[in-house]
Each structure stands twice: as C-alpha cells, then as structure tokens.
Amino acid sequence: MGMDRWFLIASTLLATIGGVWGMISVHRGHRSHWTVMWMTATFLCQIGFLAARGEMRAACPLMDRGEILTFLAWSLTLFYLLIGPAYRISLLGVFTAPVVVIFQGMALIPGTLTAHPIKLAGGNPWHETHSAMSVLAYGALALAAVAGVMFLVLDKQLKDHHLKSGLFRNLPPVRELLVSLERLLWLGGVLLTVGIVAGFLMPRTQSAWGHLIAAVAVWLGYGVLLAVKQVRGLTGRRLSLSAVGLFVLSLVVFAFV
C-alpha cells in the first residue's frame with residue numbers, strides 16, 4: 001500500500017478521533033478545544049495525501065472519484081479551520097468531522113481510488129482551474145450546510161426547551177452561525193463562478209459538457225437563494241434548510257452526470 005493511502009487512512013482516523021472526542025466533551029457539558037487540534041492534524045495528513053497523489057499524477061489530483069472526495073474533504077477542513085475559530089464556533093468541528101470521515105471513507109472503498117495513477121502529459125490549465133475551484137466551492141458550500149444543520153439543532157433545542165443540555169450550552173450564538181453560513185454561501189458562489197468560467201474556456205468532451213451544465217444548474221440554485229435572501233430576506237430556519245437541501249441536491253445531480 002502506497003504512502004498516499006497511509007496519509008488518507010491517518011487523516012480519516014484523526015477526523016474520527018476529533019469528532020468522537022468533541023462529542024464526548026459536549027456530552028459532559030464543556031467545549032473541547034482539542035477538536036481544532038485533531039482537525040489541524042487531519043488537514044496536514046490530507047495535504048500529505050494530495051501532495052503524494054499530485055506527484056504521481058504530475059497534475060492536480062482530481063482525476064478519479066477517490067481523489068475528488070478527498071479533495072472535497074480537504075476543502076471542507078480548510079474552511080472549517082479558517083471560519084470556525086475566527087467566529088468562536090469551534091463546535092463546528094464536531095459537526096464537520098463526521099462529514100470528512102464519510103467522504104474519505106467513501107474514497108477508501110476498494111476501486112474508488114486508482115491504485116496506480118498514470119502521469120498526465122500536457123494537462124490543460126483551464127481544466128485544472130475548473131476542477132480545483134469547483135471542488136473548493138463545494139467545500140465552502142458543504143460547510144455552509146454543516147452550519148445549517150447546527151442552526152436547526154439549536155432551533156430544535158430551543159423549541160423543546162432543552163436549555164440545560166451540554167449540546168445547547170456549547171452551541172454558538174444564533175447570529176454567529178447565520179453570519180458564517182451566509183458568508184460561506186457567498187464564498188462558495190464566487191469560487192463556483194470562477195470554476196464555471198474556467199470550464200467554458202477549457203476544451204470539452206461530451207461528458208465534460210454534462211458536468212458543466214450540472215455546475216451551472218447548481219450555481220443558479222445558490223444564486224436564487226442568495227438573491228432571495230438579499231431582496232426579501234429569509235428566516236434562519238429557511239436559510240438553513242435551503243443550504244442543506246441545495247447541497248444534498250447538488251450531490252445527487254453530480255452523481256448522475
């Protein structure tokens with residue numbers, strides 16, 4: 001087994017430990033700052049995987065489903081480390097870690113990750129920009145969906161009057177969650193726009209057209225959501241449900257392209 005897979009296994013185990021450790025801490029009624037440390041270690045191992053695969057490919061490692069899933073998990077971890085501590089919502093890592101584990105667990109399924117990747121000759125820079133920006137965008141949008149789930153959990157705790165539970169006491173203020181959610185949506189939208197523009201500039205096959213059309217459809221969906229939020233306004237619950245629903249729907253769209 002190559003070094004790339006060892007890095008992937010290590011990062012998946014670290015994310016698992018971070019998520020479990022965080023949940024145990026929340027159950028005990030206090031916030032664990034170790035979650036950020038575990039996710040930082042996860043991020044470093046993800047970089048090791050991407051560096052190893054990039055050297056094998058001699059290009060951005062986005063050539064098979066395993067690489068795409070891991071790149072997406074790396075992007076999700078990156079935005080968590082940038083957004084979570086900045087907004088004092090380290091508990092976001094407890095919700096992020098399981099998503100990272102799911103994505104990377106899928107990448108570790110035999111056959112998902114090419115065992116012996118072939119070096120690519122004469123890669124197109126527009127194609128690599130399209131792929132990288134699109135997956136980065138999905139990382140931001142995935143974290144927006146995670147923040148949406150956190151808001152829905154907080155909302156449910158309030159409605160059920162579970163005000164003394166460890167989870168409720170450690171959840172961040174509603175305003176911080178909604179601010180981070182909306183900013184992540186805008187960031188994801190900007191990155192996806194760059195990816196789509198690069199997609200129109202790259203040489204395309206018939207299958208590439210399908211992915212590009214799907215990307216445009218996803219971009220329109222998020223564009224409508226942000227436009228409605230700006231013009232008419234949305235309640236926190238509706239914004240959160242929309243962020244989660246759109247992300248899940250976008251994954252389904254790409255699964256059939």
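Helices here are DSSP runs of H or I with at least four residues, numbered from the N terminus. The model is predicted.

**Exercise 1. Place Leu212 in the fold and classify its exposure.**

Step 1. Find the element. Leu212 lies in helix α8, which covers residues 206-231.

Step 2. Apply the cut-off. Buried means under 20% relative accessible area. Leu212 has 1% relative accessibility, so it counts as buried.

Step 3. Check a partner along the chain. Phe200 is 12 residues away from Leu212 in sequence. Their C-alpha atoms are separated by 8.0 Å.

**Exercise 2. Describe the overall architecture: how many helices and strands does the protein have?**

Step 1. Count the elements. The protein has nine helices and zero strands.

Step 2. Read them in order. The pattern along the sequence is α-α-α-α-α-α-α-α-α.

Step 3. Add burial. The protein has 257 residues, and 49% of them count as buried.

Step 4. Look at contact range. Take the contacts with a separation of 6 or more. Residues 24 or more positions apart account for 79% of these.

**Exercise 3. Compare the end-to-end reach of α2, α3 and α5 with the expected spans.**

Step 1. Recall the rule. The expected span is 1.5 Å times one less than the number of residues.

Step 2. Take α2, residues 34-57. This helix has 24 residues and reaches 35 Å between its first and last C-alpha. The expected value is 34 Å, so the two are close. After α2 comes Ala58, with a positive phi near 60°.

Step 3. Take α3. Its 19 residues should span 27 Å. The end C-alpha atoms are 27 Å apart, which agrees.

Step 4. Take α5. This helix has 35 residues and reaches 51 Å, close to the 51 Å expected.

Step 5. Add burial for two of these helices. In α5, 25 of the 35 residues are buried, and the helix is mostly covered. In α3, 15 of the 19 residues are buried, so α3 is largely enclosed by the rest of the structure.

**Exercise 4. Work out which contacts α3 makes through Ser75, and what caps its N-terminal end.**

Step 1. Start at the cap. Asp64 caps the N-terminal end of α3. A side-chain oxygen of Asp64 lies 3.1 Å from the backbone nitrogen of Gly66.

Step 2. Move into the helix. Ser75 is found in α3, residues 65-83. Ser75 has 0% relative accessibility and therefore counts as buried.

Step 3. Find the polar contact. The Ser75 side chain reaches the backbone oxygen of Leu136 at 3.1 Å.

Step 4. List the neighbours. Leaving out residues up to four places away in sequence, Ser75 touches Val135, Leu136, Gly139 and Ala140.

**Exercise 5. Trace the surroundings of Leu185: is this residue buried or exposed?**

Step 1. Locate the residue. Leu185 lies in helix α7, residues 174-201.

Step 2. Classify the exposure. Relative accessibility is 0%, so Leu185 counts as buried.

Step 3. List the contacts. Neighbours within four places in sequence are set aside. Leu185 is then in contact with Leu141, Ala144, Tyr222, Leu225, Leu226, Leu239 and Ala243.

Step 4. Give one distance. Leu185 and Ala243 are 58 residues apart in sequence. Their C-alpha atoms are 8.0 Å apart in space.

**Exercise 6. Characterise Thr235, between α8 and α9.**

Step 1. Locate the residue. Thr235 is found in the loop between α8 and α9.

Step 2. Classify the exposure. Partly exposed falls between the 20% and 50% limits. Thr235 is at 45%, so it counts as partly exposed.

Step 3. Find the polar contact. The Thr235 side chain reaches the backbone nitrogen of Arg238 at 3.2 Å.

Step 4. Relate it to Leu178. Thr235 and Leu178 are 57 residues apart in sequence and 9.8 Å apart in space, C-alpha to C-alpha.

**Exercise 7. Describe the second largest pocket: what is its volume, and which residues line it?**

Step 1. Take the volume. The second largest pocket has about 200 Å³.

Step 2. List the lining. The residues are Phe95, Val99, Ile102, Phe103, Ala142, Ala145, Val146, Val149, Val244, Phe247, Val248 and Leu251.

Step 3. Assign elements. α4 (92-107), α5 (125-159) and α9 (236-255) each give two or more residues to this lining.

Step 4. Sort by type. The lining has 12 nonpolar residues, no polar and no charged.

Definitions and conventions:
Residues are numbered from 1 along each chain as its sequence is written. This is a predicted model: local features need pLDDT of at least 70, side-chain atom pairs count only at pLDDT 80 or more; totals for chains, interfaces and linings use all residues. Side-chain values use heavy atoms; hydrogens and water are left out. Buried means under 20% relative accessible area, exposed over 50%, partly exposed in between (1.4 Å probe, protein chains only). Contact means heavy atoms within 4.5 Å. On a 1 Å grid over the protein atoms alone, a cavity is a set of points where a 1.4 Å probe fits but cannot get out, and a pocket is an open set with protein on both sides within 12 Å along at least five of seven lines; lining residues have an atom within 4 Å of a point. Grid points are joined across faces, edges and corners, and a volume is the space filled by probe spheres set on the points. Ala, Val, Leu, Ile, Met, Phe, Trp, Tyr, Cys and Pro count as nonpolar, Asp, Glu, Lys and Arg as charged, and the others, Gly among them, as polar. A polar contact is a pair of N or O atoms within 3.5 Å; within protein, one must be able to donate a hydrogen and the other to accept it, and residues adjacent in sequence count only if both atoms are side-chain atoms.
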